[in-house]
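These are my notebook entries on one chain. I set down below what I looked up, topic by topic.

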Amino acid sequence: MSTQALPATTAAANAETHQYRHKSQRWQNARGYLGLALIIIWGLAPFYWMVVTAFRDVDYTFDTTPWPTHVTMQNFQAAFSTSTGNHFGRALVNSVIIGISTTAIAMVVGVFAAYALARLDFPGKFLILGVILGASMFPGVALVSPLFQLFSNIGWLNGANYQALIIPNISFVLPLTVYTLTAFFSEMPWELEESARMDGCTQGQAFRKIMLPLAAPGLFTTAILAFISSWNEYLLSQQFSTAITQPVTVAIAQFTGALPRQEPYTTVMAAGTIVTVPLIIMVLLFQRAIVSGLTAGGVKG
């Protein structure tokens with residue numbers, strides 16, 4: 001073989017290798033997109049069917065047509081109607097009150113706890129963080145009986161006592177808040193706080209004027225997650241709420257139809273759509289901030 005033929009042979013081999021790698025990469029991308037599409041369909045299919053049923057006439061509740069048919073707005077009107085004993089509007093207000101109160105208290109306590117765990121070195125720090133994470137894994141059903149007895153003894157299960165719903169929610173939201181903010185605070189440049197201290201700020205002033213503004217993205221992300229967790233809670237709310245304080249999760253489960261023993265499926269779907277759509281919009285708008293907050297502390301260096 002001549003020396004002139006060697007470069008041509010090498011070039012052909014390189015081109016074949018490049019073409020093979022290009023096809024392999026395209027196949028990997030196609031598999032990735034296919035898997036992503038399956039996950040999206042699996043996750044959104046129930047929500048899509050809920051929306052379709054919410055806009056469907058009650059006489060066609062069990063119609064299996066996969067797209068909207070016999071569209072009507074009566075189901076949304078029925079969800080807010082009190083003629084059948086439903087109090088969905090008041091339940092929405094209750095959920096907002098409970099969610100905002102739970103989020104605010106959990107954020108105030110969680111910020112200081114997370115700052116201490118991230119900034120201070122003291123014996124047993126990681127043990128405390130582990131206990132906090134363990135508390136978030138405690139089954140809620142095990143708390144129903146003792147909390148019910150406690151709240152009954154102190155009179156919190158009568159009237160408009162929102163504290164019977166807010167305090168248990170805080171116990172579930174606070175571990176998530178502390179863990180997320182601890183990871184976020186651990187990544188912050190502490191040199192800025194030290195510089196503020198050298199310029200004459202007290203530790204509290206440095207925390208308030210320097211660290212909190214820098215931690216705003218993490219605080220915002222954690223607040224969204226805490227509010228969503230409180231908004232979706234059902235188990236304890238079903239036991240501790242009254243007709244005045246029940247949130248939307250409990251109110252929807254107690255919807256009644258116009259006829260005895262009638263299950264108002266379309267009305268329930270309409271109420272579920274009203275409750276779910278704002279959360280989905282909020283998550284889509286702030287998805288980058290939420291992912292950033294959840295992965296804080298996962299990568300160092």
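I take contact to mean heavy atoms within 4.5 Å. The model I worked from is a predicted one.

**Entry 1: helix α5.** With that cut-off, I asked which helices the buried residues of α5 pack against. I found α6 (163–186) and α10 (235–240). The buried residues in α5 are V144, L147 and F151. I then followed the axis of α5, which spans residues 141–153, and noted a bend of about 25° at L147. L147 therefore appears twice in this entry, as a buried residue because its relative accessible area is under 20%, and as the site of the bend. After α5 comes G155, for which I recorded a positive phi, near 75°.

**Entry 2: salt bridges.** I counted 2 salt bridges in the model. Side chains of opposite charge can pair when their charged atoms come close.

I looked at R119 and E194, whose closest N and O atoms are 4.0 Å apart in a salt bridge. R119 belongs to helix α3 (residues 88–119) and E194 to helix α7 (residues 190–198), so this pair ties together parts 75 residues apart in sequence. I noted R119 as partly exposed, at 26% relative accessible area. E194 is also partly exposed, at 42%.

I next looked at K125 and D121, whose side chains form a salt bridge with an N to O distance of 3.3 Å. Is K125 buried or exposed? I recorded K125 as buried, with a relative accessible area of 11%. D121 is exposed, at 73%.

**Entry 3: a surface patch.** I asked which residues form a nonpolar patch on the surface. They are Y33, L36, I40 and L44, and together they have about 430 Å² of accessible area. I checked I40 individually and placed it in helix α1 (residues 5–54). Its relative accessible area is 44%, so I40 counts as partly exposed.

**Entry 4: confidence.** I recorded a mean pLDDT of 83 for the chain, with 86% of its residues at 70 or more. Among the elements of the chain, α3 has the highest mean pLDDT, 92, and helix α13 (residues 287–294) the lowest, 66. R119, from the second entry, lies in α3.

I also examined residues 297–301, where pLDDT stays under 50. For this stretch the model has 6 contacts beyond four places in sequence. Where pLDDT is low, the predicted coordinates should not be read in detail. I therefore leave those contacts without further interpretation.

Technical notes
Residues are numbered from 1 along each chain as its sequence is written. This is a predicted model: local features need pLDDT of at least 70, side-chain atom pairs count only at pLDDT 80 or more; totals for chains, interfaces and linings use all residues. Side-chain values use heavy atoms; hydrogens and water are left out. Patches are made of residues with over 30% relative accessible area and no salt bridge: like charges are joined within 9 Å, nonpolar side chains (Val, Leu, Ile, Met, Phe, Trp, Tyr) within 5 Å. Accessible areas come from the Shrake-Rupley method with a 1.4 Å probe; for residues, only the protein chains shown count as cover. Helices (H or I, at least four residues) and strands (E, at least two) are DSSP runs, numbered from the N terminus. Buried means under 20% relative accessible area, exposed over 50%, partly exposed in between (1.4 Å probe, protein chains only). The bend at a residue is the angle between axes fitted to the seven residues ending there and the seven starting there. pLDDT is the predictor's confidence in each residue, from 0 to 100.
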